[in-house]
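Student: Could you take me through a close look at a single part of this structure, and show me how that part sits among its surroundings?

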Amino acid sequence: MARTKGSALLRWLARRIIAAALVVFVVTSLVFVVTHVFTDPATVSLPLEATEEHRAQRRAALGIDRPLSVQYWDFVSGLVVGDLGESFWQDQPASKLVLERLPATLKLVAGATLVTVLLAAPLGMLAAWWERRFADHAVLGFSMVSISAPPFWIGYLLIIVFAVQLGWVPTFGSSGFVSLILPSFAIGLASAGRLAQMTRRGIVEELRKPYAVTALSRGFSRSYTIVNHTFRNVASGFVTMTGWELTRMFTGYTVVIEVVFAWPGVGRLAIHAIENRDLVLVQAAVVVLATLVVVTNLLVDIARRMIDPRVELG
Amino acid sequence: MTAVDDGLPPSEGTNGAGAASGENATVMSDLRSHLRKSKAGIAGIAICSLFALVAIIGPWLPFLPDPSKQSLPDKLTPPVGWGGAWDHPLGTDQLGRDILARLIDGARISLLVSVVAVIIAAILGTALGLVAGYIGGRIDTLIISAADVQMAFPGVLAGLILVAAFGPSVWLVIIVIAISSWMVFTRVGRGLVFTLKSSLFVEASELAGASSRRVMWRHLLPNLVSSLITLSVLELAAAILSESAFAFLGFGVQPPRSSWGLMIQQGRNYITDGWWIVTFAGLAIAIVVLGVNLLSLWLQSFNDIAEREQIILERPGG
């Protein structure tokens, strides 16, 4: 029995990895279509007054005077070995530029995830503990406000209050741990708001189930039952949701927050690349971020499977 | 492809909020009595109607200065309560333009872009969801795979690559928001069609010889309407936030036209001596999104379908 179970797990894992790779392939191909079929990188990267001769030179330099099929083959075979083309603006390999900025973005996402989890789990439990009482309504209020406010605005409010008025932390840049605090909160608050409500709802539902009612009737306190019994059963959903919040962070929040805090990450690099009309570099940043999203989804699936073995091998 | 009339009346709602004309009166009075009990619903409707009204009649409001009128001597006047006067209740920006007038002017672009984007996404997404759920087979696999890929490639990334390729424009922002939202309607619509497909009224009309098209449009679609409206309201909140983020990044409207996100982008260099520009522009976004979120919370509680609420609140991607 054990052996067949193990091989089923491996088959499931292999299928998930292949599916993830396929998604990355489709997404990068779509990016190729936009950047090569619908537009001309040479025209985009040159000023309007450039002559036809200049454009032809630039086309040759970028290798886009060749047939599309050849270019696509180059693009795909480059992807496999991590070559994402040359940045015209920086005169360096695009993949190198993006990977240099990646640690800063990952640090930011890690900080934001920490804020999210450390706020959401206790707030969710608190709201469930005092269901329909003041604390529950207060947590709901926090959630509604945090998901309604634009993260970049929260970022500026934090800067105005804590950096400009109080002078506790630097306004922008990445100098050590302290500078990570404000951007992490700016990103993490909305995620924490959503996750807290999900946790609350999960625990409230679990508390009505026989095992929780039994625990309560045996004299365990409500708080003990929530922390030690019901939260474990909500954990798998909690991990999934945290993973989804991570994908939101990689693809939306970090880009704007990096701009607000002048954080030297991939998102801000992409915005600068757009300002400098460097299509190759934008393409590289987008491919890397999309890959991170797919990898995160894969890791979430695996984590969920490990926490809750009842998750079906679909 | 002549549609055979199956002789059955268009289907009535199975979930209480059907679109049949005879039920309309009761549905409306149900909604009203439910609304009276819900403070969130009242607040949401009040906020949404106020902003919609202001966006529509904005240019004809009396006593408001021209939003693009510059006056350098008045630049960075603080709002009332912080040393300002009532000629500029919310203060002025770095060019001496009235903040309140610019907020009202910006409401038009911000809200119009979001509403149009959600309408496009809802129509496209629902149509695909209907086809995927009802026809099934390979078409279903194709559509649902496309939705999965879209989930992994959310709006901002598509926005980055499209703006880099085509340059910033309002239409581009509308398209980007629509393509980052259609799959939500597809997934929910498809899921609902799956549960409805085996209902008696669908089988009856199929047996009576109705074409797939007729079954989808006359019998299935009316049953999706209430859920899809709830979903649209929720997606509208996300769309307004996306629009503001794109405008903030400079992807959308260009100066001298105005939108809330653009006001924050322009005011960010003045947060030390003009905190009110960024603060009030963001507050406008936050309040309108809060209003839409409260409205959607109320609609969800009225529909009261727990699993759908989960799909709505806990979907991945931005």
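**A helix and its surroundings**

Tutor: In this predicted model, the buried residues of helix H11 of chain A are A:Val266, A:Gly267, A:Arg268, A:Leu269, A:Ala270, A:Ile271, A:Ala273 and A:Ile274. Because eight of the ten residues of H11(A) are buried, the helix is largely enclosed by the rest of the structure. Here a residue counts as buried if 20 or more other C-beta atoms lie within 10 Å of its own. As for what does the enclosing, the buried residues of H11(A) pack against H5 (94-129), H10 and H12 of chain A, and also against two helices of chain B, namely H5 (155-166) and H9 (212-249). Just after H11(A), the residue A:Arg277 takes a positive phi of about 55°.

The partners in chain B lead on to the contact between the chains, in which 45 residues of chain A meet 37 residues of chain B. On the chain A side, the elements that give two or more residues include H11 (266-275), together with H10 (222-260) and H12 (279-307). The residues of that side divide into 35 nonpolar, eight polar and two charged.

One of the neighbours of H11(A), helix H10(A), has a further partner in its own chain: its axis and that of H9(A), residues 210-217, come within 10 Å and cross at roughly 140°, which makes H9(A) oblique to H10(A). This crossing of H9(A) and H10(A) is right-handed. The contact is made by A:Tyr211, A:Ala212, A:Ala215 and A:Leu216 of H9(A), and by A:Arg222, A:Thr225, A:His229 and A:Thr230 of H10(A).

How values were computed:
Residues are numbered from 1 along each chain as its sequence is written. Chains are lettered from A and ligands numbered from 1 in the order in which they are written. This is a predicted model: local features need pLDDT of at least 70, side-chain atom pairs count only at pLDDT 80 or more; totals for chains, interfaces and linings use all residues. Two residues are in contact if their C-beta atoms, placed from the backbone, lie within 7 Å. Helices (H or I, at least four residues) and strands (E, at least two) are DSSP runs, numbered from the N terminus. Ala, Val, Leu, Ile, Met, Phe, Trp, Tyr, Cys and Pro count as nonpolar, Asp, Glu, Lys and Arg as charged, and the others, Gly among them, as polar. Axes are lines fitted to C-alpha atoms, for helices over the stretch in contact, and angles run from 0 to 180 degrees between N-to-C directions. Angles under 35 degrees count as roughly parallel, over 145 as roughly antiparallel, 65 to 115 as roughly perpendicular and the rest as oblique. A crossing is left-handed if the near helix is turned anticlockwise from the far one by less than a right angle, and right-handed if clockwise. A residue is buried if 20 or more other C-beta atoms lie within 10 Å of its own, exposed if 12 or fewer, and partly exposed in between; C-beta atoms are placed from the backbone.
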